Amino acid sequence: MKIPLSWLKDFIDLDGLPVEDIARKLTLAGMEVDEILYVGLPKPVYKEGEKHEFKTDGIGWDKEKLVVAEIREVKAHPNADKLTLLDLYDGQQDQIVLTGAPNIFHLKGAGKLEKPIKVAYAKEGATLYDGHAEGQVLMTLKRAKIRGVDSYSMTCSEKELGITDESDGIIILDDDAPVGMPLADYMGDAVLDISILPNMARNASVIGIARELAAMLGRELKKSSGQLSVTSNQLSVTSGQSVKELVEIEITDPELNPRFVVGLIRNVEIKPSPYQIQRRLKLAGIRPINNIVDATNYAMLEIGEPLHAFDYDVLKQRAGKKKIKIITRAAKDGEKLTTLDGNTRTLTSMNVLVCDEKGPLSLAGVMGGSESEVYDASKEVLDAVGIETKPDEKLPHGKASVRGTSTVNILLEGAAWNFINIRRTAKQHNLPSEASFRFSRGVHPAMAEGGVSLGLKYMAEWAGGAVAPGLVDAYPLPPKDAVAEITVNDVKRWLGIELTLERISELLSRLEFKCEITPTGHALRITAPSHRMDIGEGLVGVADVLEEIARSYGYDNIPTTTMADALPPQVGNPVHEWEEHLRDLLVAVGLQEVVSYRMTSVEKESRITQYDEYVRLANPIAPEKSVLRRSLIASVLDSLEKNIRYSEAFSFFEIGPVFEPIKNELPNEPRKLAIAITGLREATAWDVQDSPTLDFFDLKGRIELMLSGLRLTNISYTATDSYSSLHPGKAAEVKVNGQVIGAFGELHPLAKEQYELGDSPVLVAEFDLNVMRSIDPTYGIKTIPETPSMYEDIAIIVDESVQAETVEALIRQTGGRSVTDIRLFDLYRDEKIGAGKKSLAYSLTYQAEDKTMTDAEAAAIRNKIVKRLEKEVGAKLRS
Amino acid sequence: MQDKLNEIEKAALESLTSINDPAAVEAWRVTHLGRSSALMGVFSGLGKLSKEERPIVGQAANRVKVALEAALEERSKLVKAAVLAKSLEEDHIDVTLPGRTRHIGRLHPSTQQLRRVLDILAEMGFQVFTSREVETDEYNFQLLNFPPHHPARDMQDTFFIEADPPTGSGQDRGDNPILMRTHTSPGQIHAMRKFAAANPQDPPPIRIALPGMCFRYEQITARSEVQFNQVEGLAVGKNITFADLKGTIADFVRRMFSEGARLRFRASYFPFTEPSAEVDVECFVCGGKGCQVCKNSGWLEILGCGMVHPNVLMNGGYDPKVYSGYAWGMGPERQLMLRNKVGDIRYFWGNDVRFLEQF
């Protein structure tokens, strides 16, 4: 919310406080100031190395060079049709000023003005924004000749002064603006852009911020909130009929509408609001429309109660000879209402309507309606409910068919609504507005009466009408006062500070809480002020009040202590630690971790998987993020594809959940590991070229290292053709103790075709971490033998179909504990050894447990192994 | 004979002075000390000499041999040294050529930062507690004191999972019972309930760190993402105050950022804590002078925190009359963005190797 400082100063004396100090107080108390925009007040200049505290923008206005002046005559320019010359008095002397402003042009040649026009006058040397430049460009006013006339000064537009980006026309000030007064003193301002937290709806108003500031600064409000609400007898009252005689109210469900107040003002003349009012509205981010709309918006911004203005004559016409009856009720499912923006909306029972006996008038607390033609005629006034106003529409003066005069009569509504219904309605119909912003966060029903009175007061001031006596106030459900009892110990236990009840009382009274010490003297009984809906009951109320004590005391003043409470038993998190260890192992074997979006699309995943069921998002942000992933390999391949042009080799892994749907239940979230590698085995260098590409055994080697790092044993690899994404001849399942933990292999050529992954083979793996983690690792290590070992190589020739694993297992079985290491060091195929044959060469390590093995003993083992191989797999020893 | 020996010695020594390479040294040795050298000829001719002459000539020849060997040794050392010097002078490489590299592995930057955070928390006694990513509305919101349709839900735009709405509810998305968690805080309830179940009459104190991926319905831009990691700290016990919360945060920030880092606590609002605060640390890029990173404010917003709301304690099985606690949450990706000047949050899940390789 944007709050002009000048407006705040209506309620609190801020003299002597730099703007940034005010902003800091608010920020620390929970009203974060995002930016300070200077619009005339001096903008602080930071010296080199000096600390900033806020983002700032805007300009200050030079007191000497920017003053209020008055135009006394508008003359023609001798050499230019579209320009005029202004005879202007700046409080010290007469000036001639050149302008092309369209909003002054019609007075050209009218002679001396009967009533001088007050303007913002910039003298030579003033620094302003360039009115003709795109965006905000600073410039300094210099003397120039324009079409033969000397120009050294100007009358300013809002853009030039940094008030708005409006450059079409000069500012015309209110008639009472004192000529010669520095503009900075007359209307210099600074705008605080404040974030309103959801629990601080009460502060979405000038008075709300002023009230907080008063508490934080320990200063008095100029008018307390109670005095602020204007009562109807403070208004200028006509002798006409009272509102009660003309209008009645029926609230059908007080839970939806606890209070509904209306007031009436007759014979208002619709015209622009005073410039100072328009300026404040503009700085607050609201476009001025006319004095009636502006009065409702101004009153809302000032005290936080959204108001809705009805054209009284329209309601009267609809009521015919009967008394006007306003009825509030829940909409019927399927009921339709055409809102001001021209959209016909189908309603549900959560929407609340303001109706008369003829039908709906508006979507309560959100937007006015335009169901019948008569409402079209008063549309602009109905617009006053929110900011969704259309600036270009002029009020149709003299709607003779309805009232036959040039003035209008306004029935003004101030109400309280159930915040949940307002929030749901605004969301359902996508109608955010200033009104629904406030109502959906909770506006206290106590505000309604003051709101209507204040709105009427401003209308009377700016539109010249006469307020009818009294208000009609239907208030079937006043909220209970929020009361909490708090002790010295509560404050100590929760905040860690020791405060007396008197001190607590003082801190809370600043925020207008009523505090009294209970009869026993041990506790403070606290009643929340009538503008607050955020204080709960019981323990919650205590916590709510504790927060207010902390804010009022100042978070910065609460000490910083080291926790003295008992440390719970330290049990660690073995699952998390195991996974982190796995990550380290994968990095150690050269894999790069990636982290992908959990959200993907069926199309993307179906390149490699075929799942029918997915966890689907009800409100996806984009089609390519419409389901939760089921395949982690798909995630990693997506990353690989995006990167494929950027490197010669990739070794990616990802660890994370996939999502297995269960209808109407939470999905399973098993954790997986996926690996994908492709590209060159060795890094290219100036003397390393033509590296072979990574293949199945590169991936297998990494997997072997990973499993050994996890201390898993009894691992087997079995050829598999049951994974459709893997090459049927180059794929293996990995088992530990016979249990499948994952599979890997070369990406199936058909799957690879679905991606743009370059020419090299792509090797992928996926492991189920839940299964892997459930396997007990080995803990002990092998002792290092003290006796020397013997090394020997043997090479055998076997049929191509004999698997290396079989040969190795036979060697291991036959050699028993005497063969401590078996390493395949050569695989050889050649015509000399025969077609369909291969030679496997192993390096064996012999080791006796407690003595040095002799050659004869080694030879005996070797012969046994060779014989076994000959017998079992038809091996022949290669000589 | 003596003359001849002198002649041999003189000639040999003279020729030695011009020898400059190892091969010539060896050739000289063969010529002057080898089997068929003149000197060896003298030795082999000793037998022909008389008994009287033999020892004299023998001694003289031996003296020449020793002298030549010594000279050879000396010369050989010089030659070797010269050769080495020459080779050292000539044998050099272009050290500016690039080194032979390897394809190495790295952790994703988010994992690296998560570890930094969790390591510090572990030392402070906060142990890792993880929970699921798809949650119920109950755990993600209601038990954390966000009633249905509460305006605070607007602070956390939510992804909902397709499911049939429970009977009796309206059509509003807010009624959807299954969603992507918007924060790791549902883990607070899971953890409290788990710990309280162990001893419902007198639940044990809690100090946990809750890391994990969270999801918000946001447009994906340089500043906002649909998923991000969060780490929360939660402490619950019988004697825990807002002042302790300030102390814990101060300790953490000192470890995470710098020893002298200035902090400020701003009042804020989260439904599941009260009082709530946002914590700003003095901008470590500019030292608080104002820069692009801190948007000229001198402060960086780094975490949100507060005392656990009584309703949340109650929902977790901890009696708020006896127990109190605090919680705070922060974003590892945001920390990295500040720490390493990452200007675009989309880099994190883009997995572009040109980004990943920089961590």
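Here is a short chat about charges and salt bridges in this predicted model.

Colleague: What makes A:Arg280 and A:Asp10 a salt bridge?

Modeller: Their side chains meet at 2.7 Å, N to O, and the cut-off is within 4 Å, so the pair counts. A:Arg280 sits in helix H9 of chain A, while A:Asp10 is in the loop between helix H1 and helix H2, 270 residues apart.

Colleague: Why is A:Arg280 called buried?

Modeller: Its relative accessibility is 13%, and buried means under 20%, so the label fits. A:Asp10 has 29%; that falls between the 20% and 50% limits, so A:Asp10 is partly exposed.

Colleague: How do you know that A:Asp189 and A:Arg279 form a salt bridge?

Modeller: The closest N and O atoms are 3.1 Å apart, and the limit is 4 Å, so they qualify. A:Asp189 lies in strand S13 of chain A and A:Arg279 in helix H9, so the pair ties together parts 90 residues apart in sequence.

Colleague: Are those two buried or exposed?

Modeller: Buried: A:Asp189 is at 0% relative accessibility and A:Arg279 at 2%, and the cut-off is under 20%, so both pass.

Colleague: Why does B:Arg223 count as exposed?

Modeller: B:Arg223 has 56% relative accessibility, and exposed means over 50%, so that settles it. Its place is in the loop between strand S4 and strand S5 of chain B.

Colleague: Which residues join B:Arg223 in the positive surface patch?

Modeller: A:Lys55, B:Lys295 and B:Arg334. Lys and Arg count as positive, so the patch gets that name.

Key: Residues are numbered from 1 along each chain as its sequence is written. Chains are lettered from A and ligands numbered from 1 in the order in which they are written. This is a predicted model: local features need pLDDT of at least 70, side-chain atom pairs count only at pLDDT 80 or more; totals for chains, interfaces and linings use all residues. Side-chain values use heavy atoms; hydrogens and water are left out. Patches are made of residues with over 30% relative accessible area and no salt bridge: like charges are joined within 9 Å, nonpolar side chains (Val, Leu, Ile, Met, Phe, Trp, Tyr) within 5 Å. Accessible areas come from the Shrake-Rupley method with a 1.4 Å probe; for residues, only the protein chains shown count as cover. The place of a charge is taken as NZ of Lys, CZ of Arg, CG of Asp or CD of Glu. Helices (H or I, at least four residues) and strands (E, at least two) are DSSP runs, numbered from the N terminus. Buried means under 20% relative accessible area, exposed over 50%, partly exposed in between (1.4 Å probe, protein chains only).
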